[in-house]
Amino acid sequence: MKKTLIFTFLLLLCFSVKAAKIDTLEVFSVVMNKNIKTCVITPNGYKKSNKKFPVVYLLHGYSGNYATWVNSFKDLANQVDQYNYIVIGVDGNYSSWYFDSPIDATFRYETYIVDELVPFIDKKYKTKANREGRAISGLSMGGHGALYLSFKHQDVFGAAGSMSGGVDIRPFPENWDIKKRLGSITDFPENWEKNTVTNMLDKLENNNLKLIIDCGVDDFFIDVNRTLHQKMVALKINHDYIERPGKHNIEYWENSLKFQLLFFNNFFNKT
């Protein structure tokens with residue numbers, strides 16, 4: 001009995017030591033003059049390693065925050081260990097949509113992520129500090145944000161994904177506080193046209209960005225994702241596009257994230 005207890009204790013100790021580490025940091029944003037919380041997940045062995053690690057940035061949805069990924073995705077820490085890269089849970093506030101608002105100077109999340117957060121992470125952690133070592137993805141609002149940021153900043157991100165992304169915001173002029181960031185669609189139509197992902201495909205002419213896009217067939221964003229996919233096919237823009245059974249919920253995203261992280265792992269290994 002005593003030997004069994006000792007063995008069990010050692011087994012539990014082994015699992016507790018060999019596990020991803022989760023840090024919560026505050027990153028000061030100069031452009032928004034405030035501290036913003038960020039979650040950083042490093043793989044087992046990170047601290048003792050001399051190597052540089054690839055990084056995946058994850059963007060939450062409309063009502064989420066930086067901790068969405070560790071609180072709601074129970075397998076994420078194990079996946080970080082499996083793929084041996086760093087994952088960043090980005091905070092995009094309640095409804096930033098991850099662009100710089102043209103009407104509200106307190107919402108400048110594009111500048112924050114690209115010019116402040118990424119350099120901060122590269123300085124503090126052992127990262128592969130180039131586009132070949134960075135990927136970005138997100139769910140819902142974060143799916144739009146990940147594609148938006150990667151399309152505009154291909155020098156920063158080499159791969160990007162969207163899970164159930166609101167990839168065309170124009171059909172939803174009264175939803176999710178978008179008009180608080182862009183103004184009403186009737187008064188400021190140019191803001192909506194310029195800041196919706198489906199109108200930004202001209203930035204992908206060289207097929208330099210590796211892309212994975214998916215959406216559940218029962219999701220309210222399925223039509224805008226299908227339209228985006230069709231436009232990308234017509235323009236010969238390389239991408240992986242997936243539809244599978246599912247709705248706009250955590251059950252779908254937990255499954256979806258597995259495929260996206262595998263996609264990014266393959267990207268990192270090839271580059």
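The second largest pocket has a volume of about 180 Å³, the space filled by probe spheres set on grid points joined across faces, edges and corners. A pocket here is an open set of points on a 1 Å grid over the protein atoms alone, where a 1.4 Å probe fits, with protein on both sides within 12 Å along at least five of seven lines. This is a predicted model: local features need pLDDT of at least 70, side-chain atom pairs count only at pLDDT 80 or more, and totals for chains, interfaces and linings use all residues. Residues are numbered from 1 along each chain as its sequence is written, and side-chain values use heavy atoms, leaving out hydrogens and water.

**Pocket lining**
- The pocket is lined by 16 residues, each with an atom within 4 Å of a point.
- Closest to its centre are Gly61, Tyr62, Ser63, Leu139 and Trp253.

**Helix α9 and glutamate 254**
- Helix α9 (a DSSP run of H or I, at least four residues, numbered from the N terminus) covers residues 250-270 and includes glutamate 254.
- Buried residues of α9 (under 20% relative accessible area, 1.4 Å probe, protein chains only) include Trp253 and Glu254.
- Beyond neighbours within four places in sequence, glutamate 254 is in contact (heavy atoms within 4.5 Å) with Ser72, Phe73 and Lys74.

**Helix α5 and alanine 146**
- Alanine 146 sits in helix α5, residues 141-152.
- Its relative accessible area is 0%, so alanine 146 is buried.
- Not counting residues up to four places away in sequence, alanine 146 touches Leu59, Ile136, Ser137, Gly138, Ala160 and Gly161.

Methods:
Helix = DSSP H or I, 4+ residues; strand = E, 2+ residues; numbered from the N terminus. Buried < 20%, exposed > 50% of the residue type's maximum accessible area, 1.4 Å probe, protein only.
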